[in-house]
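Please explain how this protein is put together, starting from the ligand and working through the sheet to the core.

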Amino acid sequence: MNVPTGTLVPTSIAVLQREQNVPAGTLNQFCTRIQLVHSTSALHSKSESHYAAETLAPRQFMGRVIAVANQKGGVGKTTTAINLAASFAAAEVNTLLIDCDPQSNASSGLGLVKDPERISTYHLLLGAAGAEEALATTELEQLWLLPAHKNLIGANIELVEVDRREYRLRDAIAPLRDRFQYIVLDCPPALDLLTLNALVAADSVLIPMQAEYFALEGISELLDTVERIRVALNPGLEIEGVVLTMLDERTNLAQQVMAELRNFFGDKVCSTTIPRNIRLAEAPSHGKAALVYDPRSKGAESYIRLAKEIIGKHMAAAGAVPSAISA
Ligand code: ATP
Ligand code: MG
């Protein structure tokens with residue numbers, strides 16, 4: 001999509017509506033709020049540049065790194081990482097999605113053809129390339145992707161002998177932090193060295209989980225890991241939230257699991273839940289985020305709401321016009 005650089009929200013929406021058949025009104029409300037926040041708190045660059053070195057954003061809004069992690073497989077990590085990152089970008093927030101999983105589903109889900117020659121997370125972790133060289137553009141003007149390839153599986157072994165092996169990703173992306181408001185990391189389904197690198201690089205961890213009994217059991221192991229990382233490697237690591245995915249709210253089990261989670265995590269449970277929605281499952285096979293593939297779908301709308309909830313929380317925590325976004 002050829003959205004011109006630096007285009008403001010209304011123009012971007014007009015282009016989306018024209019070229020991608022996005023129905024009028026779908027993104028308007030969300031984007032208008034974000035724009036209001038930008039204009040009242042000078043969060044957004046006035047420059048024409050993509051990277052906006054002269055961005056006026058306060059430090060707390062720059063380069064927040066969110067790792068999407070859960071060692072359990074198939075819980076919606078990649079779907080969440082892609083669609084949350086796309087929703088940040090649709091709100092004119094410069095966003096980077098980093099694929100930290102050798103399955104490279106986040107890369108193919110955004111339409112990148114597999115290419116072992118392309119500079120990827122593997123090269124970054126091994127110090128064979130800088131983060132700048134690895135950035136790929138996407139269909140959304142303000143979303144960039146740092147792709148993965150299945151060769152990343154080798155990094156788990158190759159890194160064992162390497163100096164500062166847990167800090168490789170953190171060090172590699174340090175120069176990018178000021179250029180993106182959000183950096184989203186898609187983790188593999190394991191508590192391995194790749195996930196460890198992601199959690200050490202991250203400011204917070206967002207945990208997608210399904211409303212199932214076994215999901216609750218796995219969570220305590222993840223929380224132990226987060227605690228150990230906090231003590232030993234990354235004292236600033238926070239829990240961004242727990243988001244329920246593929247939810248069918250009508251079932252009793254879903255209600256019980258939600259109640260249990262709220263008992264345990266309190267307000268860390270995101271109020272936005274993600275319903276089971278076929279459009280979310282179809283979108284990656286077209287190489288698109290759901291908000292581009294079918295912006296009217298319940299799935300796309302729920303991830304837009306999740307992005308809004310997360311941005312709103314950060315704004316409120318920083319005391320920046322919380323009322324502009326909380327409604
Ligand atoms: P892995 O652990 O293998 O990396 P994951 O946690 O990243 O998996 P996803 O790949 O996002 O999980 O999702 C697993 C499957 O469920 C995929 O086929 C995906 O399309 C589908 N899926 C995810 N979320 C939803 C949803 N809300 N509605 C319907 N299908 C979904
Ligand atoms: Mg995945």
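**From the ligand shell to the core**

Helix 3 gives the largest share of the shell around ligand 1, 3 residues. This is a predicted model, and the shell is a convenient place to enter it. In total, 19 residues surround ligand 1, and the closest are Lys77, Thr78, Thr79, Pro189 and Ala281. The elements that contribute two or more residues to this shell are helix 3 and helix 12 (278-282). Sorted by class, the shell holds 10 polar, 6 nonpolar and 3 charged residues.

Helix 3 also leads to the sheet. The helix, residues 77-90, lies across strand 1 (64-68), strand 2, strand 4 (143-146), strand 5, strand 6 (204-210) and strand 7. Its direction is at about 165° to that of strand 5.

The sheet itself is open and has 7 strands in the order 3-4-2-5-1-6-7, with mixed pairing. Its edges are strand 3 (136-137) and strand 7 (238-245), each of which pairs on one side only. Inside the sheet, strand 2 (residues 95-99) pairs with strand 5 (residues 182-186) in the parallel sense, over 5 bridges. One position in this pairing is Thr95, whose bridge partner in strand 5 is Tyr182. Strand 5 also pairs with strand 1 in the parallel sense, again over 5 bridges. On its other side in the strand order, strand 1 pairs with strand 6, in the parallel sense and over 3 bridges. Val68 takes part in both pairings of strand 1: it stands opposite Asp186 in strand 5, and its bridge partner in strand 6 is Leu206.

Which way do the residues of strand 1 point? Arg64, Ile66 and Val68 point one way, while Val65 and Ala67 point the other way. The strand is mostly covered, with 5 of its 5 residues buried. Arg64, a charged residue, is among those buried.

Ala67 leads on to the core. In soluble globular proteins, nonpolar side chains tend to be buried together. Here the largest nonpolar core has 90 residues, and those touching the most other members are Ala67, Leu185, Ala198 and Leu199. With neighbours within four places in sequence left aside, Ala67 is in contact with Leu185, Cys187, Ala198, Leu199, Ala202 and Val205. Two of these contacts, Ala198 and Leu199, are buried residues of helix 9.

Why is helix 9 described as largely enclosed by the rest of the structure? The reason is that 8 of its 9 residues (the helix spans 193-201) are buried. The buried ones are Leu194, Thr195, Leu196, Asn197, Ala198, Leu199, Val200 and Ala201. Thr195 and Asn197 are therefore buried although they count as polar under the classes used here.

Ala232 offers a contrast. This residue lies in helix 10 (residues 213-232). Ala232 is exposed, because 10 other C-beta atoms lie within 10 Å, and the cut-off for exposed is 12 or fewer. Ala232 and Val200 are 32 residues apart in sequence, and their C-alpha atoms are 9.8 Å apart. Val200 is buried, whereas Ala232 is exposed.

Some totals complete the picture. The protein chain has 15 helices and 7 strands. Of its 327 residues, 48% count as buried. Among contacts between residues at least 6 apart in sequence, 74% join residues at least 24 apart.

Terms used: Residues are numbered from 1 along each chain as its sequence is written. Chains are lettered from A and ligands numbered from 1 in the order in which they are written. This is a predicted model: local features need pLDDT of at least 70, side-chain atom pairs count only at pLDDT 80 or more; totals for chains, interfaces and linings use all residues. Two strands pair if DSSP finds at least two bridges between them. Helices (H or I, at least four residues) and strands (E, at least two) are DSSP runs, numbered from the N terminus. Two residues are in contact if their C-beta atoms, placed from the backbone, lie within 7 Å. Axes are lines fitted to C-alpha atoms, for helices over the stretch in contact, and angles run from 0 to 180 degrees between N-to-C directions. A residue is near a molecule or strand if its C-beta atom, placed from the backbone, lies within 6 Å of it. A nonpolar core is a set of buried Ala, Val, Leu, Ile, Met, Phe, Trp, Tyr and Cys residues joined through C-beta atoms within 7 Å. A residue is buried if 20 or more other C-beta atoms lie within 10 Å of its own, exposed if 12 or fewer, and partly exposed in between; C-beta atoms are placed from the backbone.
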